[in-house]
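Me: I am new to this structure and would like a close look at a single part of it. Please take one residue as the starting point and work outward from there in one connected answer.

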Protein chains: 2
Amino acid sequence: MERNYVTVDVTIGKLLDEKKYKTLKDILSTMNAYDIAMLLEDMHDSKIQLLFRMLPKELAADVFVEMDEDTQEFLIKGFSDAELKDVVDELSADDAVDIIEEMPANVVKRILRQADPETRKQINELLKYPDDCAGSIMTTEFVSLRPDMTVEEAIKRIRRTGVDKETIYTCYVVGKDSKLIGITTIKDLLLSEEDEVISSLMETNVISVGTLDDQELVAQTIKNYDFLALPVVDTEGRLVGIVTVDDAVDVMIEETTEDIQKMAAIGSSDKPYPKVGIFETLWQRVPWLLLLMISSTFTGIIIAGYEERLAGSLILTAFIPMLMGTGGNAGSQSSVTVIRSLSLEEIEFKDILWVIFKECRVSILAGIILGVVNFGKILLVDGWMLQNEEITAGIALVVSLTLVVTIIVAKIIGCSLPMIAKTMKLDPAVMASPFITTIVDVVSLLVYFWIASSILNI
Amino acid sequence: MERNYVTVDVTIGKLLDEKKYKTLKDILSTMNAYDIAMLLEDMHDSKIQLLFRMLPKELAADVFVEMDEDTQEFLIKGFSDAELKDVVDELSADDAVDIIEEMPANVVKRILRQADPETRKQINELLKYPDDCAGSIMTTEFVSLRPDMTVEEAIKRIRRTGVDKETIYTCYVVGKDSKLIGITTIKDLLLSEEDEVISSLMETNVISVGTLDDQELVAQTIKNYDFLALPVVDTEGRLVGIVTVDDAVDVMIEETTEDIQKMAAIGSSDKPYPKVGIFETLWQRVPWLLLLMISSTFTGIIIAGYEERLAGSLILTAFIPMLMGTGGNAGSQSSVTVIRSLSLEEIEFKDILWVIFKECRVSILAGIILGVVNFGKILLVDGWMLQNEEITAGIALVVSLTLVVTIIVAKIIGCSLPMIAKTMKLDPAVMASPFITTIVDVVSLLVYFWIASSILNI
């Protein structure tokens, strides 16, 4: 596939240079909207407009939706009002809203001015919902049926109105006052007798979400039930829209990226990495780095406090990075595992004791294994091979015991903080590695110096 | 939704105690397969079988597919041969394969013995494909049409055979020798005239994958093109199966979890966290911890090597954890961002210079900001507020300069290693934080001691 794409790229470049516009038009009209969008994004500015104008109207709108916002904005700025109207007319209301949300105010005004009154009303309706809720990602273009229709009438209705709908595969049965009372599928309709009545074949146990429900719940529901679309109802139970599986997939990817960013102490951004400017990137990263840097003042204070005593066994400082590094890694293994498991709904808060018990057992075993290996390694590598005379069995014992304790503490903190965050309605992902590492660093240093004092009498 | 579920849970528990089996049957038959599966998983063993036996045949198979493998295995072990046959008969071949892959050998034998010869053949066919490739996640139950059929004939064929198909919404047009030559959708069929010929309305620019293509490519393609299903062809271009969007979603989640695990230095497991035993968890985590622990021998050697010179300015050791921690965090911000961006296909290897240039600018600015803040903080907090007399402007300068260099080095290593891994056909995710931190630790220590020697003449 990759190869195919490159070939098309070269061909189109050549044809453009040779001004073979007729051939270009033919090629483009056989291509997929997504592929054309990717192709245009990589083109030189002057060529983007030229190629875009060659596309048939409907395909042009599909391509427009798939492009990144910079290219969209560039195209809109070059459009005449008539050209803009052509594109806007073909957009579904939810796609239009997605585009509008990313555009500067003057572009938004131009788009709304070109939209026909009906679409404008729908767009304004959708714009009212807060970001990240079901209402903001739903489409209002769905197939609705009445319960007293026959299968034949229903299929006729779909044939007449289906062309503009986001999906015709799931059909929604609404009663009086637009209340959602059942769903059925094209499959059920096609496999039923023509004179059967919709109310007798529809599924009445309908799973739906509210307009203000979190988009993450929407995506999770669609995933759990393997739905192609999920109905969205208002507080009165009236059907106001549907969310289709492709939009749910986008939400899932967006939410996962946000989780991953939080786990790595990065502020979230809904733009892809190549589109985030230098200063926005700084803004995502520097506050977290500053916070974590300043919080490591504590480790500094602890070391400074033990300085005089350390002067006698200076070799102890050589193991601080290893202890902190291993503690950090052990803690982040647990926190990341628990955070992912929470977000996949494999575990919830009520499992906290079970999780801590499990992590306890794992960490004790892991601590012992690493402690023993570390003890051997220090004596063998640092002491014998590198001939460091300061290394004694006592030093190796202090370091290894500290390692065992550090791993156990790190894993228990690592698994419990995200779960506690969850119950406090905080995002578990912010309790990930960098945050936990800072706590573990302090604890492991204190343990280190305490054990060293006890065993080595420093 | 959550609340609903709990209520049903309690109701069913009560009805079971009161032995109101008729009512239970009625309730269960209106419920969704996923909900029933979740309900059964939480039940006491003895009740699982009782409830499962109340389900109508087809629903029972759907519920079975949704359950976790432990519950599946438990049920199978309690089934009579006839009961097992009932479930296996209703399973689609790809679902059967998913189940078989997780079961112990004796259970697999029982399942295969109960499958009818046709299903058994299909199952064995699917079992031949290596894990994680398109062939292993596809279903062989799709609607195929001939190019010379009319729309009317096509719809008739779908009505006749559609019941057992995984999806009827996308229909595949195959020519002689089962070669895939086009696709069409139920929507197109319903919106076309009845006497139109399939070959005139089908889309011939078909996007497909090969049986041995990676499942990640399959998921990515379905996501990019917003497909409901993707055809899978063999090396001769013959249509052998399709992958539906719900399976693609599962693949995406699985692959993302694997990425997240790798980034946190955890060996991958395809089981959810609560199902992974203590020893398997150890096996996922300990080898990485050991590797990283042993590799931090280098930092130990460096510190030990500078020990005598450090003895004069012991306060320098107090800042080592802060320098390493900030370096690690700065590096992992970059590596995690790049790894996620690579896996979402936002960037590829050819962008490496652009990425490095961007990270350079970000890291220089971030380095300067953190360096300046750190300089002020050391003099103000550590020196003045905590009245540590060892803190001089010289010490603050050494630490802050090292911090600037460390952040720049960390970000450049952090962004380039995952991209280099990608070209070497390695998984970029293994180049994440823990690995990069180890390198950054060594570099920052060397820089620290070098700057300290130059400025403080230690």
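Reply: In this predicted model, a good place to begin is Thr297(A), which is buried because its relative accessible area comes to 10%, and buried here stands for under 20%. Thr297(A) belongs to helix α18 of chain A, a helix that covers residues 297-305. If its neighbours within four places in sequence are left aside, the residues in contact with Thr297(A) are Lys377(B), Val381(B) and Asp382(B). With Lys377(B) there is also a polar contact between the two side chains, at 2.9 Å.

From this residue the view can be widened to the two chains. In contact with one another are 113 residues of chain A and 113 residues of chain B. The size of an interface is often given as the accessible area lost when the parts come together. For chain A and chain B the buried area is about 10,100 Å², and carbon and sulfur atoms give 68% of that area.

Turning to particular pairs, 26 residue pairs are found in polar contact across the interface of chain A and chain B, with both residues at pLDDT 80 or more. On the side of chain A that touches chain B, helix α21 of chain A (residues 352-385) provides the largest share, with 15 residues. Sorted by class, that side of chain A has 65 nonpolar, 25 polar and 23 charged residues. The salt bridges between chain A and chain B number 2, and one of the salt bridges joins Arg285(A) to Glu359(B), where the closest N and O atoms lie 2.8 Å apart.

For a contrast in exposure, one may look at Thr11(A), which sits in helix α1 of chain A, residues 2-17. Thr11(A) is partly exposed because its relative accessible area is 33%, a value that falls between the 20% limit for buried and the 50% limit for exposed. Between the C-alpha atoms of Thr11(A) and Leu446(A) there are 67 Å, and along the chain these two residues are 435 residues apart.

A helix of the partner chain completes the picture. Helix α16 of chain B, residues 245-263, is made of 19 residues and reaches 27 Å from its first C-alpha to its last, which is close to the 27 Å expected at 1.5 Å a residue. This helix, α16(B), is mostly covered, with 16 of its 19 residues buried. Just after α16(B) comes Ala265(B), which takes a positive phi of about 60 degrees.

How values were computed
Residues numbered from 1 in each chain as written. Chains lettered and ligands numbered in written order. Predicted model: local features only at pLDDT ≥ 70, side-chain atom pairs only at ≥ 80, totals over all residues. Heavy atoms only, no water. Contact = heavy atoms within 4.5 Å. Buried area = accessible area lost by both parts, 1.4 Å probe. Salt bridge = Lys/Arg side-chain N within 4 Å of Asp/Glu carboxyl O. Polar contact = N/O pair within 3.5 Å; in protein donor to acceptor, adjacent residues only side chain to side chain. Helix = DSSP H or I, 4+ residues; strand = E, 2+ residues; numbered from the N terminus. Nonpolar A, V, L, I, M, F, W, Y, C, P; charged D, E, K, R; others polar. Expected span 1.5 Å × (residues − 1). Buried < 20%, exposed > 50% of the residue type's maximum accessible area, 1.4 Å probe, protein only.
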